[in-house]
Amino acid sequence: MKMLTIRIAIVIFGILLPYIARIPGGSGWLHQYTGNDIGGFLFIGVFNAIAWGAVLSFTFLYKYKRSVIAPVLFGFVPLAWVHSVYDISSDAQAGVGLVFIPIYALAPIAVGGVIGYLIDRYLIK
């Protein structure tokens, strides 16, 4: 698998992640994200691009494909967890939280990115 294929997979998985994470909660839980018009999809998609874009940007620093695992795990696992438990119907302003979820995910993505960089430069030889 080439790095380009990995980058495409990161983008596709990053776009689908909020919806995949809600599937275990049932159709009503998934409907909180998918029951909107196209504006709802764009709202979630644009802000979620912050997170998967950060993961994607780290891949350009790496020479070895195995190094990508760290930012993917550190970024997508917490992001999936938050999307799986976040209840939009809990409050009238709960939709605003969808803006902050990917912003808060930048910290673990950065940690994973640094770990991936260290793996890429020093541990793989």
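## Close-up views of a six-helix chain

**View 1. Leu-118 is found in helix H6.** Helices (H or I, at least four residues) and strands (E, at least two) are DSSP runs, numbered from the N terminus. The structure is a predicted model, in which local features need pLDDT of at least 70 and side-chain atom pairs count only at pLDDT 80 or more, while totals for chains, interfaces and linings use all residues. Residues are numbered from 1 along each chain as its sequence is written, and side-chain values use heavy atoms, with hydrogens and water left out. Leu-118 has a relative accessible area of 41% and is therefore partly exposed; buried means under 20% relative accessible area, exposed over 50%, and partly exposed in between (1.4 Å probe, protein chains only). The C-alpha atoms of Leu-118 and Tyr-62 lie 9.6 Å apart in space, although 56 residues separate the two in sequence.

**View 2. The whole chain provides the setting for the close-ups.** Six helices and zero strands make up its elements, which run α-α-α-α-α-α from the N terminus on. Along its principal axes, the C-alpha trace spans about 50 × 25 × 25 Å. The chain has 125 residues, of which 37% count as buried. About 7,100 Å² of the chain is exposed, and carbon and sulfur atoms supply 75% of this area; accessible areas come from the Shrake-Rupley method with a 1.4 Å probe, and for residues only the protein chains shown count as cover. Of the contacts (heavy atoms within 4.5 Å) between residues at least 6 apart in sequence, 76% join residues at least 24 apart.

**View 3. Helix H1 has a kink at Leu-16.** The 20 residues of H1 reach 29 Å from first C-alpha to last, close to the 28 Å expected at 1.5 Å a residue; the expected span of a helix is 1.5 Å times one less than its number of residues. The kink is about 50° and lies shortly before the proline Pro-18. The bend at a residue is the angle between axes fitted to the seven residues ending there and the seven starting there. Buried residues of H1 include Ile-6, Ile-10, Gly-14, Leu-17 and Ala-21, and the buried residues of this helix pack against H2 (27–34), H3 (38–59) and H4 (69–85). An α-helix has 3.6 residues a turn, so residues three or four places apart point the same way.

**View 4. Ile-6 is a buried residue of H1.** At 14% relative accessibility, Ile-6 counts as buried. Leaving out residues up to four places away in sequence, Ile-6 touches Met-1, Lys-65 and Val-68. The C-alpha atoms of Ile-6 and Lys-65 are separated by 8.0 Å, with the two residues 59 apart along the chain.

**View 5. A nonpolar surface patch includes Ile-8 and Phe-13.** The patch covers about 730 Å² and is made by Leu-4, Ile-8, Ile-12, Phe-13, Ile-15, Leu-16, Ile-20 and Ile-23. Patches are made of residues with over 30% relative accessible area and no salt bridge: like charges are joined within 9 Å, and nonpolar side chains (Val, Leu, Ile, Met, Phe, Trp, Tyr) within 5 Å. Ile-8 lies in H1 (residues 3–22) and is partly exposed, at 46% relative accessible area. Phe-13, also placed in H1, is partly exposed at 36%. Not counting residues up to four places away in sequence, Phe-13 touches Ile-20 and Phe-76. Phe-13 and Phe-76 are 63 residues apart along the chain, with their C-alpha atoms 9.1 Å from each other.

**View 6. His-83 lies in helix H4.** His-83 is buried, with a relative accessible area of 2%. Beyond its neighbours within four places in sequence, His-83 is in contact with Pro-18, Ala-21, Arg-22, Trp-29, Tyr-33, Asn-48, Leu-98 and Ile-101. Other buried residues of H4 include Gly-75, Phe-76 and Leu-79. The buried residues of H4 pack against H1, H2, H3, H5 (97–104) and H6 (106–123). The 17 residues of H4 should span 24 Å at 1.5 Å a residue, and the end C-alpha atoms are 24 Å apart, which agrees.

**View 7. Arg-121 and Asp-120 form a salt bridge.** The structure holds one such pair; a salt bridge is a side-chain nitrogen of Lys or Arg within 4 Å of a carboxyl oxygen of Asp or Glu. The closest N and O atoms of Arg-121 and Asp-120 are 2.5 Å apart. Arg-121 is partly exposed at 31% relative accessibility, whereas Asp-120 is buried at 2%. Side chains of opposite charge can pair when their charged atoms come close.
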